[in-house]
Amino acid sequence: MPDPFRTRALRVLAEEAWAGVPDLAVIDDDRLEDDLGLDSLDRIDLLMACEEEFATRAPLPGAVIAAETVGEFLALLEAALGKEGADA
């Protein structure tokens with residue numbers, strides 16, 4: 001059974017990285033900048049899109065945008081949201 005948090009987070013990531021191509025397959029080892037082309041401004045947009053997707057009231061910490069890989073991003077995002085936020 002697919003992880004709903006991961007599915008949602010990857011959809012947001014793909015939409016931000018490829019301007020509306022949500023079905024693009026990414027793997028945990030993909031590098032946000034080198035492989036996905038996300039520069040610092042794109043990462044801020046990604047963070048804001050995740051805040052909207054997961055309906056968090058508090059801003060997500062900047063550490064989330066400092067992630068180097070997709071796997072790091074997902075782990076930091078899930079930790080920042082907490083279990084309840086990731087399941088929302």
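These legends accompany several close-up views of a predicted model.

Residues are numbered from 1 along each chain as its sequence is written, and side-chain values use heavy atoms, with hydrogens and water left out. Because the model is predicted, local features need pLDDT of at least 70 and side-chain atom pairs count only at pLDDT 80 or more, while totals for chains, interfaces and linings use all residues.

**View 1. The whole chain has three helices and zero strands.**
Let us start with the overall picture. Along the sequence, the pattern reads α-α-α. Helices (H or I, at least four residues) and strands (E, at least two) are DSSP runs, numbered from the N terminus. Of the 88 residues in the chain, 35% are buried; buried means under 20% relative accessible area, exposed over 50%, and partly exposed in between (1.4 Å probe, protein chains only). The chain has an accessible surface of about 5,300 Å², and carbon and sulfur atoms account for 54% of this surface. Areas of this kind come from the Shrake-Rupley method with a 1.4 Å probe, and for residues only the protein chains shown count as cover. Among contacts (heavy atoms within 4.5 Å) between residues at least 6 apart in sequence, 52% join residues at least 24 apart.

**View 2. Val70 sits in helix H3 and touches residues from elsewhere in the chain.**
Helix H3 covers residues 70-87, and Val70 belongs to this helix. Val70 is buried because its relative accessible area is 0%. Setting aside residues up to four places away in sequence, Val70 touches Leu10, Leu13, Val26, Ile27, Asp28, Asp30, Leu32 and Leu36. For one of these partners, Leu36, the separation from Val70 is 34 residues in sequence and 9.2 Å in space, C-alpha to C-alpha.

**View 3. Asp30 is a buried residue that has no salt bridge.**
Stay with a contact of Val70 for this view: Asp30. Asp30 is placed in the loop between H1 and H2. Which side chain of opposite charge is nearest to Asp30? Arg6 is, at 8.7 Å. Here Lys and Arg count as positive and Asp and Glu as negative, with His and the chain ends not counted. Beyond its neighbours within four places in sequence, Asp30 is in contact with Asp35, Leu36, Glu68, Thr69 and Val70.

**View 4. Arg8, Arg11, Glu15 and Glu53 are linked in a network of salt bridges.**
A salt bridge is a side-chain nitrogen of Lys or Arg within 4 Å of a carboxyl oxygen of Asp or Glu, and by this rule the count comes to six. Look for Arg8 and Glu53, whose side chains meet in a salt bridge at 2.8 Å, N to O. This pair links distant parts of the chain, with Arg8 in helix H1 and Glu53 in helix H2, 45 residues apart. Arg8 is buried, with 18% relative accessible area, whereas Glu53 is partly exposed at 24%. Glu15 and Arg11 form a salt bridge at 3.9 Å, N to O. These two residues are four apart in helix H1, so about one helical turn separates Glu15 from Arg11. Glu15 is partly exposed at 33% relative accessible area, and Arg11 is partly exposed at 31%.

**View 5. A salt bridge joins Glu68 and Arg31.**
The side chains of Glu68 and Arg31 meet at 3.1 Å, N to O. Glu68 lies in the loop between H2 and H3 and Arg31 in the loop between H1 and H2, so that the pair links distant parts of the chain, 37 residues apart. Both ends are partly exposed: Glu68 has a relative accessible area of 38%, and Arg31 has 33%.

**View 6. Two surface patches, one nonpolar and one negative, are shown here.**
Patches are made of residues with over 30% relative accessible area and no salt bridge; like charges are joined within 9 Å, and nonpolar side chains (Val, Leu, Ile, Met, Phe, Trp, Tyr) within 5 Å. The nonpolar patch consists of Leu41, Ile44 and Met48, with about 300 Å² of accessible area together. Leu41 is in helix H2 and is exposed at 59% relative accessible area. Glu16, Glu33, Asp39 and Asp45 form the negative patch. The place of a charge is taken as NZ of Lys, CZ of Arg, CG of Asp or CD of Glu. Glu33 is in the loop between helix H1 (4-17) and helix H2 (40-53).

**View 7. Ala55 has a positive phi.**
Most residues other than glycine have a negative phi. The phi of Ala55 is near 50°. Ala55 is in the loop between H2 and H3 and counts as exposed, at 62% relative accessibility.
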